[in-house]
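Me: Could you walk me through this fold, one question at a time?

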Amino acid sequence: MTSLLFVDDETKLLRILSSYFTKKGFVVHTASTGEEARSKLRDADARIIFLDLRLPDATGIELLQEFVPRYPNKLFVIMTAYSDVESAVTAMKAGAFDYVSKPAKMDELEIIIRRACEWLDMKQENLTLKEKISKMMQDQEMIGVSPAMKRVFRMVERAAETDATVLLEGESGTGKSRIARMIHRWSDRKNQPFVSVNCAALPEQLLESELFGYEKGAFTGAHAKRKGKFEAARNGTIFLDEIGEISLPLQAKLLQVVQEKSFMPLGSNQTVHVDVRIIAATNRDLKTMVEEGLFREDLYYRLNIIDIFIPPLRERKEDIPPLIEQFLDKQRAKYNKPFTLPPELIDRLVEYPWPGNVRELENAVERAVVLCRDEQLSIEDFPREIRHAKPDRPPSDIALDPTKSLPEQLESIEKKLILDALEQTGGQIAAAARLLSISRQRLMYKMNKYSIR
């Protein structure tokens with residue numbers, strides 16, 4: 001609710017203004033002198049202030065010159081019965097948002113107030129956006145200008161505002177760990193620990209002890225008590241990368257932690273409770289793993305409270321040039337050389353499908369910098385698979401078959417696109433559906449229609 005302050009020495013006018021705008025839903029404060037206005041501004045959270053040009057102890061211009069630097073997030077409007085061009089110019093130069101002559105009509109004042117509210121809201125939105133951009137640049141987080149990545153960033157922003165468990169899905173190298181760190185940095189837990197665990201890097205028994213810790217003598221070699229990663233992440237965030245690689249028995253124990261935020265270390269009969277935010281990531285199709293009995297359904301739904309899919313680089317080619325520039329900047333700072341790429345080489349890199357995604361792109365740029373003979377990179381400095389790659393372009397036209405009707409030809413094209421998507425994703429239905437931008441159920445209906453197995 002917007003709060004207003006009217007400063008005028010006419011008490012009758014103040015009563016009229018207060019009554020009218022209170023009925024309109026505003027919170028209204030009034031003051032009849034400059035000193036009273038100073039007090040009200042200190043104590044009342046008024047966003048828009050109307051100042052009479054002539055007051056018993058000050059002028060509106062004097063108050064304006066005093067208030068504008070002190071209250072940069074408020075807007076001031078000068079009101080006066082002594083309307084003249086010189087006063088208007090002086091008021092605007094002093095920082096007034098607008099200037100109105102008395103006797104002012106109520107609808108005229110209301111229009112000024114509505115415009116002032118819109119301006120203040122827009123200013124706040126711009127400040128919020130600048131803070132987010134500054135935070136991303138400061139943290140050197142992911143760059144994404146494509147619509148797909150903008151959708152990801154919006155989901156990250158919403159997820160960061162909650163404590164809900166997040167599941168990050170996407171191919172290897174798409175930047176899931178960076179997204180996890182972004183969620184942590186944008187959350188209320190940003191000043192608490194961020195602990196990352198690669199679930200695919202350790203065998204089952206070692207992973208269990210790594211996650212939950214153990215007591216002295218719990219197993220051979222356990223010479224002293226040790227806390228696990230969940231305790232290390234207390235009050236912060238734990239990132240479980242490659243969650244699809246953990247065994248079914250360990251999934252059961254992990255389910256308890258996700259549900260109840262409690263567990264027992266190895267060799268202990270004491271329950272440990274932890275306040276921790278869980279972010280999991282996988283490059284596998286967990287839904288299919290659930291259907292095949294390889295991943296617990298209850299754990300899947302507990303992890304999948306907020307699902308964020310990070311698209312592969314080949315599906316967001318707009319992001320490749322700015323990513324190249326980011327990685328080049330890193331190498332320029334490292335070697336103190338102004339490395340560049342010719343435009344035709346950038347075009348060629350954009351056309352490459354990047355099966356290793358952002359990680360492969362960064363490694364390729366670093367390799368090219370190391371191998372280049374001067375400060376301009378060439379295609380010969382990049383890995384062989386990139387040098388020899390054929391342009392990743394779809395056919396420019398479709399042959400017309402006069403023996404078939406238009407609906408029949410459209411069905412043939414649709415069937416071919418579905419088969420191509422399934423081939424690209426190794427037969428994974430959920431991944432193929434994402435590639436085609438349709439739901440999994442819709443894809444299965446189409447597959448059944450065209451007898452695709």
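**Backbone, sheet and core**

Reply: Happy to, beginning with one residue: at 14% relative accessibility, Glu242 counts as buried (under 20% relative accessible area; exposed is over 50%, partly exposed in between; 1.4 Å probe, protein chains only). This is a predicted model, in which local features need pLDDT of at least 70 and side-chain atom pairs count only at pLDDT 80 or more, while totals for chains, interfaces and linings use all residues. Residues are numbered from 1 along each chain as its sequence is written, and side-chain values use heavy atoms, with hydrogens and water left out.

Me: What is the phi of Glu242?

Reply: Most residues other than glycine have a negative phi. Glu242 sits in the loop between strand 8 and helix 10 (248-260); helices (H or I, at least four residues) and strands (E, at least two) are DSSP runs, numbered from the N terminus. Glu242 is not a glycine, yet its phi is positive, at about 55°.

Me: Is Asn357 buried or exposed?

Reply: Asn357 lies in helix 15 (residues 357-371). Its phi is positive too, near 60°. With 0% relative accessibility, Asn357 counts as buried.

Me: Which residues does the cis peptide bond join?

Reply: Most peptide bonds are trans. The place to look is the loop between strand 5 (98-101) and helix 5 (106-139), where Pro103 is found. There omega is about 0°, and the cis bond joins Lys102 and Pro103.

Me: Which strands stand at the edges of the open sheet?

Reply: Five strands form this sheet with parallel pairing, in the order 7-8-11-6-12; two strands pair if DSSP finds at least two bridges between them. An edge strand has a single partner, so one side of it is left without a neighbour in the sheet. That describes strand 7 (194-198) and strand 12 (306-309).

Me: Which residue in strand 11 stands opposite Val166?

Reply: Strand 6 (residues 166-169) and strand 11 (residues 277-282) pair in the parallel sense over four bridges. Opposite Val166 stands Ile279.

Me: Which helix gives the most to the largest nonpolar core?

Reply: A nonpolar core is a set of buried Ala, Val, Leu, Ile, Met, Phe, Trp, Tyr and Cys residues joined through side-chain atoms within 4.5 Å. The largest has 31 residues, and those with the most contacts inside it are Phe230, Leu240, Ile243 and Phe295. Strand 7, strand 8 and strand 11 are among the elements that each supply at least two residues. The most, five residues, comes from helix 10.
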